[in-house]
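Work through the exercises below with the sequence and the model open. Each task is followed by a solution in steps.

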Amino acid sequence: MFAYSTGQCYIIPKINPGIDMNWKNRAVEFAARFINRNTISQWEADWKTLRLALTGRVKGCSGLPDRFGGSFKTYISQHGLDDALARLASGLDARSLALLEELKWRLLNFPEQSRADAFILIPDRFVTEQEKRDRKHWVKEFRSLCRQYRIAPRYCAPEAFFYHHGLRSLPGKVHEYIKSSDFIDAGAYIGDSAVVLLRNYSPRKVWSFDLCEMNRPVYQQLMNRNDIAPEQYEFITAATGSANGSLRLAQQEGASASTFQTDGGVTIPTTTLDHFADERRLGRIGFIKADVEGKGLEMAKGMTEILRRDRPVLSLSIYHNPDEFFELKPFLESLNLNYRFFLEKYRLEFDFPTVDTCLLAVPAELLTAPQ
């Protein structure tokens, strides 16, 4: 038996009571070998948590993504973690650096998703104080947000409704900068991001891209429930990437899909955002939100003309694979467009160690740091 431990978190193998040793003795053995408690009182304080852990009645460890175009563990072994993190850390503010340090620990110590079924996790051991504070505020606002946006609780996710994909924490000057411009919502899902953007930031129009045509009716229903005029949005069944073309993939209603899942029978078009903007003759694009299940770097390579022309505010999910996580920021920096970058984490489910980590990019003249 082994465990990952830093004094904040315990990720241990799932075990079942054996015929040769009852579960209490196993717990004692675990405590002696891995928790290293100094007093009986400290041990007793953790007894309930350990009992739940050792009998499997806790949430599983979701692990690091490794099914969307690459393994973090393999990338780290091939490229070295310190050099990759140094490029990502360059120019970040203190809060972003603190998050990056926490994510570094998680990348090194958490198992990958393909192996995570064999592990359980005690969340209180690894969540940061900032995550605990954010979760407290999120829980407080959750019910009112469901009512406000007329959305079912299972669809009310914090990255959209609580954080507004980073826009909520940015100063009014940024909000004025994006006002009345076109917004890109790549990875539209059921319209959760679009409805928040339309109700709070006054875009001219939101262009919502999603791989799943079956999400269109749910998207439309959410727009109707929030009295959003049809001319303010458009749902486009297409993948955003670095080249135009088509692909085949499997789709499931109400679910996110990835272009890495190419074994299905549905053909959809792929487009660069540069091509789409030119074809539709879009005006200024002020904001781009993207959660494209591992294709964030490819999408960025297909929108360089938009970036140079409009310098939109960007909110880009980077947690799906190591190319997104380590390479997207250096690529954007290579364009020399004078952006300030911030690292944020928008998901507050503690069994997901890195999910909804986001790169926020803002034209430098608009701010000094997120509030």
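**Exercise 1: a sheet of three strands**

β7 and strand β9 (residues 266–271) pair in the parallel sense, over 2 bridges. Strands pair here if DSSP finds at least two bridges between them; strands (E, at least two residues) and helices (H or I, at least four) are DSSP runs, numbered from the N terminus. This is a predicted model: local features need pLDDT of at least 70, side-chain atom pairs count only at pLDDT 80 or more, and totals for chains, interfaces and linings use all residues. Residues are numbered from 1 along each chain as its sequence is written, and side-chain values use heavy atoms, with hydrogens and water left out.

Task: Which residue of β9 stands opposite Thr240, and what is the order of the strands in the open sheet?

Solution. Step 1: Thr240 faces Thr271 in β9. Step 2: the order is β7-β9-β8, with mixed pairing. Step 3: β7 (239–240) and β8 (245–249) are the edge strands; each has a single partner, so one side of each lacks a neighbour in the sheet.

**Exercise 2: a sheet of seven strands**

Task: Give the strand order of the open sheet of 7 strands, and state which helices pack on it.

Solution. Step 1: the order reads β6-β5-β4-β10-β11-β13-β12, and the pairing is mixed. Step 2: β6 (233–237) and β12 (339–345) lie at the edges with a single partner strand each, so one side of each is left without a neighbour in the sheet. Step 3: on average, neighbouring strands of this sheet are turned by 15 degrees against each other, direction ignored. Axes are lines fitted to C-alpha atoms, for helices over the stretch in contact, and angles run from 0 to 180 degrees between N-to-C directions.

Step 4: strand β5 (residues 205–210) runs parallel to β6 and is joined to it by 5 bridges. Within this pair, Phe209 is opposite Ile236 of β6. Step 5: helix α6 (residues 94–109) packs on the sheet, touching β12 and β13 (357–363), and its direction makes about 50 degrees with that of β12. Contact means heavy atoms within 4.5 Å. Helix α11 (residues 216–225) also packs on the sheet; α11 touches β5 and β6, and its direction makes about 175 degrees with that of β6.

**Exercise 3: two helix pairs**

Task: How do the axes of α10 and α11 cross, and how do those of α5 and α6?

Solution. Step 1: the axes of helix α10 (residues 192–200) and α11 come within 9 Å and cross at roughly 25 degrees. The two helices are therefore roughly parallel (under 35 degrees; over 145 is roughly antiparallel, 65 to 115 roughly perpendicular, the rest oblique). Step 2: α10 contributes Asp192, Ala194, Val195 and Leu198 to the contact, and α11 contributes Tyr219, Leu222 and Met223. By class, these are 6 nonpolar, no polar and 1 charged (Ala, Val, Leu, Ile, Met, Phe, Trp, Tyr, Cys and Pro are nonpolar; Asp, Glu, Lys and Arg charged; the others, Gly among them, polar).

Step 3: helix α5 (residues 81–89) and α6 have axes that come within 11 Å and cross at roughly 155 degrees. α5 and α6 are therefore roughly antiparallel to each other. Step 4: Leu81, Asp82, Leu85, Leu88 and Ala89 of α5 meet Leu97, Leu100, Lys104 and Leu108 of α6. This contact has 7 nonpolar, no polar and 2 charged residues.
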